[in-house]
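This report is meant for a reader who is meeting the structure for the first time. It takes up the pockets and then the sheet.

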Amino acid sequence: MSDSAPRKVVRLRGDGIGPEIADAVEFVFDEAHAGIDWLDFPAGATAIAEFGEPLPESTIEAIKDAGVALKSPIATPIGEGFRSVNVELRKALDLYANYRPVRSIPGVASRFENVDLIVIRENTEGLYSGLEHEITPGVVTSLKVSTRKASMRIAEFAFSLAERAGRKKITAVHKANILKLSDGLALECYREVAGQHPEIEYDERIIDATAMALVLRPEQFDVLVMENLYGDIISDLCAGLIGGLGLAPSANYGEKVAVFEAVHGTAPDIAGKGIANPTALLLSAVEMLDFIGKRNAAQRIREATVATLSEGKATTADLGGSASTMEFAKAIVSKLR
Ligand code: NAI
């Protein structure tokens, strides 16, 4: 697709701070002439009010049709019998690969200045299969599911992404010394796919040692691939290396569909005040622009966002500043080239 042709994208404006940060993204995209037609569909509290369920079928069908969606955070009501919208969305669209790029932003206070890595998480199985049983009162089991199909698919995703992104090395993260069969099967698959990509260096690390190495010397890592639970934990740890979840973009990929999202929640404590930081959603939306071939707009918005954060004059309260969400967005627009 040409960079300038308009593209339809489904948008879930979400709950809490969701609509506020979605508006900020729309403002920056409009000013950058990114050429996106937003198609708003309900999910979360708005959908419960209108349809009696948090994820209506019409929303899922719209995402399938458009092939791409931008999702603001969504609240899952506790104790009302609804399952997490995030988990349901991943299942309904078979979004098997979670992608989190983690890059230091110059000038933003964080523990490290030289982080540039990507975490790839298998999104569909492992301990998230929901297979828990009470054997007898006081004794429960949770089943960790590991299949050749899912492990091969995530390994192929990781290697082809590394190739496209010009990355040099993939580290498979596991606990096969203890989980010899489940993580053992995953490692077999990773090795098989690694054998088909000799140009990319491949190594393996145990999850606990990886966690320590990441907080000591994150620059030694490039792309990391792992099963569901390890990915959940390690991707948040990595966001912490560059200043927290508020700065971390994310995407979920299926075979035909991709959903881009901020990984933080709905921030009910600051919702409605107009002070939320839109960076995570904005950078996720920028990843989306790259994905749909609008690389020029992606590059311009990414550079303006990083420049605004680095300058530090118009940042939101979570980063120690006093700018509102829209003041921050306007500062980004003023730096668009
Ligand atoms: P949270 O991420 O919403 O909030 C944690 C803390 O971070 C709060 O102090 C909040 O003000 C702050 N924060 C989060 N995002 C921010 C932003 N963009 N700018 C400035 N400050 C920000 O996590 P919490 O409180 O555990 O969850 C609240 C709700 O969000 C729950 O209903 C939960 O189910 C939902 N949630 C949704 C997610 C999603 O849709 N991807 C992910 C995590 C939680």
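Helices, as the word is used here, are DSSP runs of H or I with at least four residues, while strands are runs of E with at least two, and both are numbered from the N terminus. With that in mind, it can be said that the largest share of the lining of the second largest pocket, three residues, comes from helix α4. The model in view is a predicted one.

**The two pockets**

The second largest pocket is lined by 21 residues, and those closest to its centre are N86, R90, E261, V263 and H264. Besides α4 (85-92), the elements β4, α8 (228-241) and β12 (258-262) each supply at least two residues of this lining. Because domain 1 (1-96 + 245-337) and domain 2 (111-241) both give residues to the lining of the second largest pocket, this pocket lies between them.

The largest pocket is likewise lined by 21 residues, with Y99, L161, R164, Y253 and F291 lying nearest its centre. Here the largest share of the lining, four residues, is given by α5, and at least two residues come from each of β4 (97-103), α5 (148-164), α9 (279-291) and α10 (295-311). At least three residues of the lining of the largest pocket are drawn from each of domain 1 (1-96 + 245-337) and domain 2 (111-241).

The volumes and the classes of lining residues are set out below.

| Pocket | Volume | Lining residues by class |
|---|---|---|
| Largest pocket | about 520 Å³ | nine nonpolar, three polar, nine charged |
| Second largest pocket | about 280 Å³ | seven nonpolar, seven polar, seven charged |

**The sheet**

In which order do the ten strands of the open sheet stand? The order is β2-β1-β3-β12-β11-β4-β5-β10-β8-β9, and the pairing within this open sheet is mixed. At its edges are β2 (36-40) and β9 (201-206), each of which pairs on one side only. On average, and with direction ignored, neighbouring strands of this sheet are turned by 25 degrees against each other.

Strands of a sheet pair through backbone hydrogen bonds, either parallel or antiparallel. Strand β5 (residues 116-122) and strand β10 (residues 223-226) run parallel and are joined by four bridges, and R121 stands opposite M226 in β10.

Helix α1 (residues 18-31) lies across three strands, namely β1 (7-12), β2 and β3 (68-71), and runs at about 160 degrees to β2.

Notes: Residues are numbered from 1 along each chain as its sequence is written. This is a predicted model: local features need pLDDT of at least 70, side-chain atom pairs count only at pLDDT 80 or more; totals for chains, interfaces and linings use all residues. Side-chain values use heavy atoms; hydrogens and water are left out. Two strands pair if DSSP finds at least two bridges between them. Axes are lines fitted to C-alpha atoms, for helices over the stretch in contact, and angles run from 0 to 180 degrees between N-to-C directions. Contact means heavy atoms within 4.5 Å. On a 1 Å grid over the protein atoms alone, a cavity is a set of points where a 1.4 Å probe fits but cannot get out, and a pocket is an open set with protein on both sides within 12 Å along at least five of seven lines; lining residues have an atom within 4 Å of a point. Grid points are joined across faces, edges and corners, and a volume is the space filled by probe spheres set on the points. Ala, Val, Leu, Ile, Met, Phe, Trp, Tyr, Cys and Pro count as nonpolar, Asp, Glu, Lys and Arg as charged, and the others, Gly among them, as polar. Domain bounds come from an automatic or database domain assignment.
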